[in-house]
Amino acid sequence: MPEHKSDVLQGTLDLMVLKTLESMGALHGYRIARRIEQVSANALSLNQGTIYPALLRLEQRGWVAAKWGISETGRRARFYSLTRSGQKQIQKETENWERIAATMARFLASSR
Amino acid sequence: MQSIRVLIVRFASLFRKQRLDQDLEDELQAHIELAVEEHQRRGLPAEQARALAVREFGGVTQTRENYRVQRGLPFLESIWHDIAFGLRQLRKNLGFTAIAALSLALAIGANTTIFSIARQLLYERLSVPHPDQLRMLRWNGDSSVVIHGMWGDFDSRPQGGMTGSIFSYPVYQQLRAHNNAMRDLFAFKEDGVNATVRGTAQRMAVAMISGNYFAGLEVRPQIGRTIQPSDESVPGAGTVAVISDGLWDRAYDRSPSALGQTIKVNGTQLTIIGVNPKGFTGAKDVQTSPDLFVPLTMQPLIDPKGRNGTLLQANDLWWLNVMGRLRPGVSEAQAQTALGVQLQADIRATMTMHAGDTMPKLVLAPGNRGLHFADGTFKKPVNVLLALTGFVLLLACANIANLLLARGAERQREMSVRLALGATRKRLLRQLLTESLMLAAGGGAGGLVLGYFVRNAIPGLMTNAWERTRLNIPFDWSVFAFCSAVTLLTGILFGFAPAWFAARAEVSSSLKGSAQSTTRRRKGASGKSTVAFQIALSMLLVVGAGLFVRTMWALSAVNIGFNPDHLILFEIQPPAARYPPGKDVQLHERLEERIAALPGVESVSLGSEPYIANNYENSDFLPEGESFAQDRQQGRGEAEFNNLVGANFFHTMQIPILAGRSFGAQDTATSAKVAIINQALALKRFPGVYAIGKRFRADRDPRSPWITIVGICANTHYASLRKEPPAQFFLPYVQQRDVGGMVYQVRTPMAPAAFAPELRQVVASIDRDLPVIDLRTQREQMDATEQVQRALAALTAGFGLLALALACVGIYGVMAYSVAQRTNEIGIRLALGAHPAHVRAMVLRESLWIACVGIAAGLLAATGLTRLVRSMLFGVGPYDPATMAIAALLLLVVGLAASWVPARRAAGIQPMEAIRHE
């Protein structure tokens, strides 16, 4: 584990979830949480539980769909998958996020 | 779009709560199990795997809570909880709820009713498209304004001079021909006619209108067509009529076959060409519609007036109302200036200006409510009623606030517990406000129902007994909006202070047993000042009611000078086209004779004016040897009230002849002219002289024969009960050249309904087209003249009683609460040897003190406010000490009576129980 863990920024978790579903297809909540931990190389301090309100929020907006299914280990679990409007949302949020990141990078570079 | 979707999803989730909760449980459970499995696969023992899974997950409970907040609508849910809890609270205190809701319902109902009436009478606009564009042409003139001959809507101005909204026909035509300032100008005149509809003769209101009237108002007929400019081209042409929706309904049963049928109007046959839309009332009035609309060119035929009977060429008689719409792009001030210049040119072109004559100044007045006639009669009384109902509402609010304060103190423990358990004060405030808003909603619903049923009863109080037209007060969204707004406002008004106090409860002190006594003083004081405020308001309402009721008594105690009982009145209006001068007198003579012969008739007479009907006529009165110039110099009036009467007038009306003789069969059209004067006239114009045998003239023609005074009669009231009996003189109608319409007085023990059939038969046997108009008793006539006053007295008396009842409840509530709070203290007093009578006196003294403060404040406010209604009072001054004293006494008695029960309860406290109770 690294020494320093970042807090998850408001709104970034949504994009991480969407992106995860885009690359992995339908997943249940635990797998999504694990995947985010792995991709971020455990650099984020994320309580796994916090992804459930986030999943609900995405579901309410119609970006993900959920249905009950059976896990790889034969356990009943709720599987989430990306919808069409979720796909579009990824594009929008990605652009938005890159713009912010680029702006921040310029700021940090100039003030150095 | 997105947010609406989310809102709907979240709202929908409220209805599947249990199912969704179970899903969440399952999902979280699955998460933990999946994590445990994975950790075990990596070789962790079961216990450690589970512990790690739970740690990685974070707080399960917190997640669940966050999830639920995200899922539903927490704000809505907590409101729902508040409502459910509030309902339980209100049901628990059923007595309190009933009293509070009932008093609110009465107060809100009264406000809603008066509001709906005020809106209809004072604010309703003409039912035409864009009524706010309409302007009524008016003029203001000084005392020597060139306009002398007027028929219709004119008035003297308070600062001197005249004002009117009437024009001569030639001036109207000139104005219209040269008008660029406004869109087309149209004209109308409302009048009364005898109309025979399907064989029944009746009196009807008619609007004589210019051909562009309907186009100008932008009104289309229900069926048929409206009157067109081509109908109004030549005087005497255009024998067509558009009828009102009301007449269509009444006489033709809404059948399209009404079109093409004829109506005989003052002897002229008119063909019905169209029916006005429902709700259209003409341009003059918002309340009632004339039944007939005919072209202006009908005037010489249906109501001949002036030289040759026509007003269409008359330059000197001003009689026609003129209206128009503002033209886009022309300001109102520009239009007024342009029309003003045009008016002066038109006057110069059509009238002869004498030296000293001045020009009137044209003004544009709002036309969206026609001439707003109702204002004059109803504005003041309706405003008084609005103010009084406002007071009643305030009183009811104070009452409930008071009861809530007392109850809030009882619930202090509950509030403290809830605060201690972590509720915020804001949350408590919201809970308590929700409760009072629910109470208000209950009262508001009751008030709405009350208003719905009462609204048509009150205009009934304001219109007279015999006319078929009834004001119809609409009950629509604006009334509902008003009622809702008032309800919301009252809920906040009476709920906020008690909620504020209750939510300020201290956690620690209230949970300790002794909390009651530490906070009692402040709470008690605020409750008492509310009660004092209530008593002051009640005082105002009772004083108001007292003044109006005493006015009513004073009016009914007036000695009118004749016997108004068993006296039936009705009118006969012979149309001038059919009954030219001389013929009308003969008609009345025949009718008088035939009616006198009817069974049950004791005696019959007729006069040119009904008494106590706000009608009067006067004429010049010049005794022999005096001149008008001399009279004017000595400040004597030139004209006196007069009445043209039948020979049996004094006998029928039972007016005593004090000296000389009454009229009789010897006074005929050809005999010497005679007159009878009343005592007041004898004193005024013949002071210290025996007036009988004196002669006078009633006009300015030096060739007309002298009239000899043959009798002096007792004084009677004339136009109203409010003015002192004026000087009057009487002339036999048979000695007049023409009299026109007359009012008949029939003394008979029969009721009007029993008398009517035979009377109608007699009149119809002489002229089938002659209606019997306004059949009523003299008593009904007098009541109608003071109808608004009677309604005001009845309503204010009702409000006064309501105020007393509310004050009673308020005082009882506060004293009962105060006694209950002091049970402990009173018990100790009694244990230490205080006499029960002393305890009783102590409680009574307290309420007496509150009552006195309230009464004093109320008296102070009353003396400030009653001044405003001075002009509406009769026989009683605005500061009438008797009314004030009785009102004060009444409230004192109510105060003592309301606190009697709590006082007895205090005196009956058992010391041991009271002390042990604590």
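What covers the buried residues of H24(B)? I'll come back to that in point 3; here are my notes, and bear in mind throughout that this is a predicted model.

1. Start with the A/B interface. On the chain A side, 19 residues are in contact with 22 residues of chain B. Three elements of chain A each put at least two residues into that side: helix H2 (29-39), helix H3 (51-60) and strand E3 (76-82). H3(A) has the largest share, with 5 residues. If you sort the chain A side by class, you get 5 nonpolar, 9 polar and 5 charged residues.

2. Next, a helix pair within chain B. Helix H14 (residues 425-454) and helix H16 (residues 477-503) of chain B pack with their axes 7 Å apart, at an angle of about 145°. The crossing of H14(B) and H16(B) is right-handed. Their contact has 17 nonpolar residues, along with 10 polar and 1 charged.

3. Now for helix H24 of chain B, which spans residues 778-785. Its buried residues are Gln778(B), Gln781(B), Met782(B), Ala784(B) and Thr785(B). Looking down the axis of H24(B), you'll find these buried residues within an arc of 160°, so they line one face of the helix. As general background, an α-helix has 3.6 residues a turn, so residues three or four places apart point the same way. And the opening question: the cover over the buried residues of H24(B) includes strand E15 (567-572), strand E26 (773-777) and helix H25 (787-821), which belong to chain B.

4. Have a look at strand E24 of chain B too (residues 728-732), where 5 of 5 residues are buried. Which residues point which way from E24(B)? Gln728(B), Phe730(B) and Pro732(B) go one way, while Phe729(B) and Leu731(B) go the other, and all are buried.

5. Finally, the strands that pair with E24(B). Strand E19 (residues 639-645) of chain B runs parallel to E24(B), and 5 bridges join the two. One pairing to click on is Asn643(B), whose bridge partner in E24(B) is Phe730(B). Strand E21 (residues 674-678) of chain B is antiparallel to E24(B), with 2 bridges between them. There, Ile677(B) has Phe729(B) of E24(B) as its bridge partner. Put together with point 4, Phe730(B) and Phe729(B) point opposite ways from the strand, and each also serves as a bridge partner, Phe730(B) for Asn643(B) and Phe729(B) for Ile677(B).

Note on methods:
Residues are numbered from 1 along each chain as its sequence is written. Chains are lettered from A and ligands numbered from 1 in the order in which they are written. This is a predicted model: local features need pLDDT of at least 70, side-chain atom pairs count only at pLDDT 80 or more; totals for chains, interfaces and linings use all residues. Two residues are in contact if their C-beta atoms, placed from the backbone, lie within 7 Å. Helices (H or I, at least four residues) and strands (E, at least two) are DSSP runs, numbered from the N terminus. Ala, Val, Leu, Ile, Met, Phe, Trp, Tyr, Cys and Pro count as nonpolar, Asp, Glu, Lys and Arg as charged, and the others, Gly among them, as polar. Axes are lines fitted to C-alpha atoms, for helices over the stretch in contact, and angles run from 0 to 180 degrees between N-to-C directions. A crossing is left-handed if the near helix is turned anticlockwise from the far one by less than a right angle, and right-handed if clockwise. A residue is buried if 20 or more other C-beta atoms lie within 10 Å of its own, exposed if 12 or fewer, and partly exposed in between; C-beta atoms are placed from the backbone. The arc is that of the directions from the helix axis to the C-beta atoms. Two strands pair if DSSP finds at least two bridges between them.
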